[in-house]
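Please find below my notes on the model, set out as numbered points. They begin with the packing of the interior and then move outward to the sheets and the chain as a whole.

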Amino acid sequence: MTTRYGYLGPEGTFTQMALLSWTSSHEGEHVPFGSVDSALDALRRSEIDAAMVPIENSVEGGVSATLDALASGDPLVVIGEVNVPITFVLAARGGMPLADVHAVGTHSHAWAQVRGWMDRHLPGATYVPTLSTAAAAAGLGAGEGAQGYDAAVCAPVAAANHGLEVLAEDIGDRAGAVTRFVLVARPGSLPERTGADKTTVVLFQRDDRAGGLLELLEQFSVRGINMTRLESRPTKDSLGSYCFSIDFEGHVLDERVGEALMGLKRVCAEVRFLGSYPREDGALTAVAPLTGDADFSAARDWLRSLRNT
């Protein structure tokens, strides 16, 4: 049976580039969706087998649509990650001079990464939000004139796909910008432990009180676990109610990670486990002295001996 992969479309998005690097253009069926929510909802309904979605950008931080969608609804898990270097162009229909651009369409995360360039070169241009960078290019390529903008910020491939003229290249404010994408699936078999792994969780506090966040973070620090991302997101239950989305080094099969998860389960109202998976860069997790599997096993054996006397 053909594997069906969903992604934030249309064709030409950076998300599609991430999916192509994960699979290949010839592996499985690639299904575009208009939003992160629609892709993950289709995954929950078993209409697709996995979905590639953006989760973090080196300039703008976490992608709120993805973080919120993973923190609620039927459980899903991350099974892999892909980091994609981001390069933007400003594109328009043929014959449109740069000086005549008065409105620019693109995704909000892309706009945040080109604001400086826009302020210098098109200070009077209005920003028009679109569902994705590729959707902005597609709107111009359709040539219907109803999209409300004169040019699009998009990937070079999206400009080429829709027959647009590139007015300016490499317009990002930060060289080396990278977006991290994750491949999400329904819960099932865990990816194997590699020694170069990440785990993602969402933590919900029992109540809002002084030291509450510190209590959560101590579960990691006392076991020598390094966090690679920590973000708060509103639970939407009430004003001031937040949950915490966290990536950290290690695999659920690591003794120290298992101990930390048990500690979190004890002190949190809810721990949403979003998977353990290999990190793309292959960097091995540095295990601090006295926090390896053998150390935790020895301590557990010692306690068992006390209880059996």
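1. In the largest nonpolar core, which has 31 residues, the members that touch the most other members are Leu90, Val104, Met118, Val153 and Ile171; a nonpolar core here is a set of buried Ala, Val, Leu, Ile, Met, Phe, Trp, Tyr and Cys residues joined through side-chain atoms within 4.5 Å, and buried means under 20% relative accessible area, exposed over 50% and partly exposed in between, with a 1.4 Å probe and protein chains only. Helix α4 supplies the largest share of this core, five residues. A second core, separate from this one, has 25 residues, among them Ala39, Val202, Leu274 and Tyr277.

2. On provenance, this is a predicted model, in which local features need pLDDT of at least 70 and side-chain atom pairs count only at pLDDT 80 or more, while totals for chains, interfaces and linings use all residues. Residues are numbered from 1 along each chain as its sequence is written, and side-chain values use heavy atoms, with hydrogens and water left out.

3. Val153 deserves a closer look, and its contacts (heavy atoms within 4.5 Å) beyond the neighbours within four places in sequence are Phe88, Val89, Leu90, Val104, Gly105, Thr106, Ala110, Val114, Met118, Thr133 and Ile171.

4. An open sheet of five strands runs in the order β8-β7-β9-β6-β10 with mixed pairing, where helices (H or I, at least four residues) and strands (E, at least two) are DSSP runs numbered from the N terminus, and two strands pair if DSSP finds at least two bridges between them. Its edge strands, each pairing on one side only, are β8 (126-129) and β10 (165-169), and the twist from one strand to the next averages 30°, the axes being lines fitted to C-alpha atoms, for helices over the stretch in contact, with angles from 0 to 180 degrees between N-to-C directions. Within this sheet, β7 (residues 103-106) and β9 (residues 151-154) run parallel and are joined by two bridges, and Gly105 stands opposite Ala152 in β9.

5. Two helices pack on that five-stranded sheet. Helix α4 (residues 108-121) touches β6 (89-92), β7, β8, β9 and β10, and its direction makes about 145° with that of β7. Helix α5 (residues 133-142) touches β6, β7 and β9, with its direction at about 150° to that of β9.

6. The geometry of α4 should be read with two values side by side. Its 14 residues reach 19 Å from the first C-alpha to the last, close to the 20 Å expected at 1.5 Å a residue, that expectation being 1.5 Å times one less than the number of residues; yet α4 also bends by about 60° at Val114, the bend being the angle between axes fitted to the seven residues ending there and the seven starting there. The buried residues of α4 are His109, Ala110, Trp111, Ala112, Gln113, Val114, Trp117 and Met118.

7. The other sheet to note is open and four-stranded, with the order β13-β14-β12-β15 and antiparallel pairing. Its edge strands are β13 (227-234) and β15 (270-278), each of which pairs on one side only, and neighbouring strands are turned by 15° against each other on average, direction ignored. Seven bridges join β13 to β14 (residues 242-249), and the residues of β14 that face β13 include Ser245, the bridge partner of Glu231, and Cys243, opposite Arg233. β12 and β14 also pair over seven bridges, in the antiparallel sense, with Thr199 opposite Phe248. Seven of the eight residues of β14 are buried, and helix α7 (residues 212-221) lies across β12 (197-204), β13 and β14 at about 15° to β14.

8. Two individual positions are worth checking. Ala50, in strand β3 (residues 50-57), counts as buried because its relative accessible area is 4%, and its C-alpha atom is separated by 5.5 Å from that of Val184, 134 residues apart along the chain. Thr285 lies in the loop between β15 and α9 (293-307) and counts as buried at 14% relative accessibility; leaving aside neighbours within four places in sequence, its contacts are Gly195, Ala196, Asp197, Glu249, Gly250 and Arg256.

9. For the chain overall, there are nine helices and 15 strands, and 47% of the 309 residues count as buried. The C-alpha atoms fill a box of roughly 85 × 50 × 35 Å along the principal axes.
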